[in-house]
Amino acid sequence: MTPRVSYPAGIRFENVEKRYGGLYALRRVSLDVAPGECVVLAGRNGSGKTTLLRIAARLVRPSGGNVSYSGSSGASGDEKPSDRVRPGFVAHATMVYDELSAEENLLLFARLQGVERPKERVAALLEEVSLTERRRSLVRTFSRGMRQRVAIARAILTQPSVLLLDEPVTGLDSQGIAWLAETLRGMRNAGCTLLMSLHGESEISALATRGIRLDAGSVVDDTSAGAAMSAVLAGAGE
Amino acid sequence: MWKRAIFAAIVVSLMGAAAYASFFIAPTEATMGTLQRIFYFHAAAAWAGMTAFSVTFVANLLYVWQRKPRWDSLGVSSAEVGLAFITTVLITGPIWAKPAWGIYWTWDARLTSTFVLWLLYICYLLLRTLIEEPDRRALLSALFGIFSFLDVPLVFGAIRWFRTQHPAPVIMGDGNSGLNPTMKATFFFSVLAMHVLMVFLIMERNRLEKMRFEVDVIRHELEVA
Amino acid sequence: MSLLANTGVLLGKELKTEFRSRELLTTTIIFVIIVLVLFSFTFDPLSDEARRFGSGLLWLAFLFAASLMLQPCFLREQTNDTLSALRLSVSDPFAIFLAKLAANTLFLMVTELLLLPVFAVMYSVSVVGVLPWLVLVFFLGSLGVSIAGTALSSISAQARMRELLLPLLLLPMLTPILIASTEVTAALLDRSPYVLWKGIGFLVAFDIVFLTALWLFGEYLLEE
């Protein structure tokens with residue numbers, strides 16, 4: 001099973017703003033996600049969920065405000081510097097190379113990130129995502145569900161303290177969704193902070209302890225209460 | 001409103017004075033006669049064009065560093081103005097050269113690197129039309145502008161050092177070679193007038209760019225509401 | 001992971017991808033051959049004159065080929081958004097550029113060295129004796145082309161009309177390389193080496209200027 005993450009980390013958004021010319025994708029969003037929390041982001045298309053996640057992943061530079069990571073190792077209480085926390089990121093695009101095999105892809109990203117004993121880690125991951133038999137096949141030949149599994153494996157290579165997921169359920173069948181829910185449950189139990197954007201309720205959204213709703217770039221709802229959470233999620237997926 | 005009108009009046013006066021000086025105050029040049037007077041316009045425009053491109057370079061650097069739309073505005077304004085000046089240089093050059101030297105063009109270092117510079121700034125403006133999102137457009141064109149600016153001295157150096165086996169008549173001569181004091185004064189006055197014109201054009205173009213940006217913001221606000 | 005280590009890993013990926021399909025190399029080599037043949041129709045390739053024009057045409061062919069070969073450089077990273085994956089994984093984004101420009105330089109050099117005998121035969125020039133120097137000029141010139149080309153390829157990949165745009169942006173910018181490489185190559189083939197050191201120095205200067213600019217501004221080229 002997944003070992004406990006070494007540096008649980010929280011995410012802090014301070015007045016994060018993103019403008020594209022005259023268009024505001026995000027308007028002064030301030031949020032605090034505690035270490036180990038599992039949060040669902042809901043909202044219509046264009047409400048800013050993807051932008052928020054990509055800013056958290058540091059792929060997009062905010063026009064204003066700041067995103068930072070914070071955390072402590074729990075036991076000894078020392079802080080890990082914010083910019084050393086590297087979140088895992090899963091998007092709708094698989095972010096792996098079609099022309100390379102599953103194993104080659106994972107080895108590439110493992111080596112780039114300085115994972116120790118990369119070959120063993122990759123082998124273990126492939127086992128965890130049930131792709132060991134197809135590890136030498138080119139990703140080009142994979143089904144959507146299999147590609148998603150490679151994508152998740154890539155995201156959790158370094159056992160990140162934070163995992164960001166942008167609509168990870170799209171294109172998955174019920175089996176795929178069940179597998180993803182179980183994987184994420186394992187990560188959550190290991191202390192990983194999860195921030196994911198979803199459309200509507202599912203096994204995945206059931207993992208969350210908090211729901212945040214975005215509309216036109218602003219937070220309109222932020223709740224952890226049970227019934228209210230369903231409302232937050234039900235409002236999505238139009 | 002008034003400030004702009006006054007400035008415009010100053011520009012017109014200076015340009016008029018410079019033209020007057022070029023035609024009536026500066027002495028006629030010995031070998032080429034009246035035709036040489038185009039030099040005051042041509043060379044001054046060249047200097048102003050180069051200054052405009054330097055302004056673009058600085059604006060590009062400032063944009064990459066600070067990401068303020070005003071630097072992008074300034075960059076594109078001075079690039080367009082610079083391009084206009086350099087275009088007149090490239091046109092007046094051959095007009096002058098044919099009667100004076102019998103050929104329209106020569107591939108010497110200055111002319112050729114001016115031409116390549118002109119090409120690079122056309123590409124800069126063309127690139128901008130091919131990127132829709134304003135922040136991307138600003139950043140990518142600023143970066144291209146920076147690379148272009150660094151390239152120009154290299155172009156000049158390459159031609160200067162490697163094409164000497166194709167000697168060419170130096171069309172315009174050095175700005176200061178063999179010019180008598182009145183001519184020098186006329187020349188520097190022309191340069192001044194051109195630079196004032198350049199500043200005026202850049203400011204006007206910049207105003208236009210800022211207005212476009214504001215209209216864009218308002219339009220998006222309306223769409224969302 | 002250090003910059004060099006990351007670059008090494010990425011370079012391995014670039015090479016592995018290319019040598020699996022060999023599509024870039026094949027098309028580039030064929031394109032250069034076509035251009036050389038077409039050029040030869042426009043004048044007498046065996047005359048003395050031709051020998052002086054030959055080097056220029058050779059480098060023109062290389063530049064045209066490079067401006068096509070460099071297009072997929074960043075375009076292929078857009079397919080599955082692998083560029084984001086790279087940006088998330090490397091410690092220094094410059095590694096991405098270094099790896100790509102190293103790979104591109106290598107591909108260009110392979111093309112050039114394979115085509116040198118073809119060129120020598122078509123235009124009846126002897127390359128024996130100056131081969132090491134030719135290789136050096138090819139290397140320095142290709143490096144310059146790759147540095148500028150990789151940088152501009154990341155720009156054109158984000159614009160419309162990207163297939164037409166890259167040659168448009170790249171070719172004027174490579175004027176210094178064309179001039180210097182042509183002169184040095186011609187001098188070498190003509191066995192008049194007086195311009196050799198000047199040319200090599202100039203190419204090195206170009207490479208340093210552009211590499212430094214890419215190092216300073218590279219991460220902004222990759223921004224979203």
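The expected span of a helix is taken as 1.5 Å times one less than its number of residues. By this standard, helix α8 of chain C, residues 162-173, is regular in length in the predicted model: its twelve residues reach 17 Å from the first C-alpha to the last, close to the expected 16 Å. The buried residues of α8(C) are C:Leu165, C:Leu166, C:Leu169, C:Leu170, C:Pro172 and C:Met173.

Helix α10 of chain C, residues 196-221, can be examined in the same way. At 1.5 Å a residue, its 26 residues should span 38 Å, and the end C-alpha atoms lie 35 Å apart, which agrees. Helix α10(C) nevertheless contains a kink of about 45 degrees, centred on C:Trp215. The buried residues of this helix are C:Gly199, C:Phe202, C:Leu203, C:Phe206, C:Asp207, C:Phe210, C:Leu211, C:Leu214, C:Gly218 and C:Leu221. These buried residues pack against three helices of chain C, namely α6 (94-122), α7 (131-156) and α9 (175-189), and also against α5 of chain B.

Chain C as a whole comprises ten helices and zero strands, in the order α-α-α-α-α-α-α-α-α-α along the sequence. Its radius of gyration is 18 Å, close to the 17 Å that the globule rule gives for 224 residues, so chain C is as compact as a globular protein of that length. Along its principal axes, the C-alpha trace of chain C spans about 55 × 30 × 30 Å. Buried residues account for 49% of the 224 residues in the chain. Of the contacts in chain C between residues at least 6 apart in sequence, 81% join residues at least 24 apart.

Chain B likewise has zero strands, and its secondary structure amounts to six helices, which run α-α-α-α-α-α from the N terminus. The C-alpha trace of chain B spans about 70 × 50 × 25 Å along its principal axes. Of its 225 residues, 39% count as buried. Among contacts in chain B between residues at least 6 apart in sequence, 80% join residues at least 24 apart.

The contact between chains B and C involves 26 residues from chain B and 26 residues from chain C. On the chain B side, α4 (109-129) and α5 (134-162) each supply at least two residues. The largest share of that side, 17 residues, comes from α5(B). By class, the side of chain B that touches chain C has 21 nonpolar, two polar and three charged residues. Helix α5 of chain B is also among the elements against which the buried residues of α10(C) pack.

Chain B is further in contact with chain A, where eight residues of chain B meet five residues of chain A. The elements giving two or more residues to this side of chain B are α5 and α6 (181-224). Helix α6(B) gives the most, with five residues. The side of chain B that touches chain A is made up of three nonpolar, one polar and four charged residues.

One residue that touches chain A is B:Asp216, which is found in helix α6 of chain B. B:Asp216 counts as partly exposed because it has 14 C-beta neighbours inside 10 Å, a count that lies between the limit of 12 or fewer for exposed residues and that of 20 or more for buried ones. Not counting residues up to four places away in sequence, B:Asp216 touches A:Gly21 and A:Gly22. B:Asp216 and B:Pro134 are 82 residues apart in sequence, while their C-alpha atoms are 10.0 Å apart in space.

In chain A, strand β3, residues 38-42, is mostly covered, with five of its five residues buried. In a regular strand the side chains alternate between the two faces of the sheet. In β3(A), A:Cys38, A:Val40 and A:Ala42 point one way and A:Val39 and A:Leu41 the other way, and all are buried. Strand β3(A) pairs in the parallel sense with strand β7, residues 193-197, over four bridges. Four bridges also join β3(A) to strand β8, residues 210-215, and these strands run parallel. A:Leu41 takes part in both pairings: its bridge partner in β7(A) is A:Ser197, and in β8(A) A:Leu41 stands opposite A:Ile212.

Note on methods:
Residues numbered from 1 in each chain as written. Chains lettered and ligands numbered in written order. Contact = placed C-beta atoms within 7 Å. Nonpolar A, V, L, I, M, F, W, Y, C, P; charged D, E, K, R; others polar. Bend = angle between axes of the 7 residues up to and from the residue. Pairing = 2+ DSSP bridges. Rg over C-alpha atoms; globule rule 2.2 N^0.38 Å.
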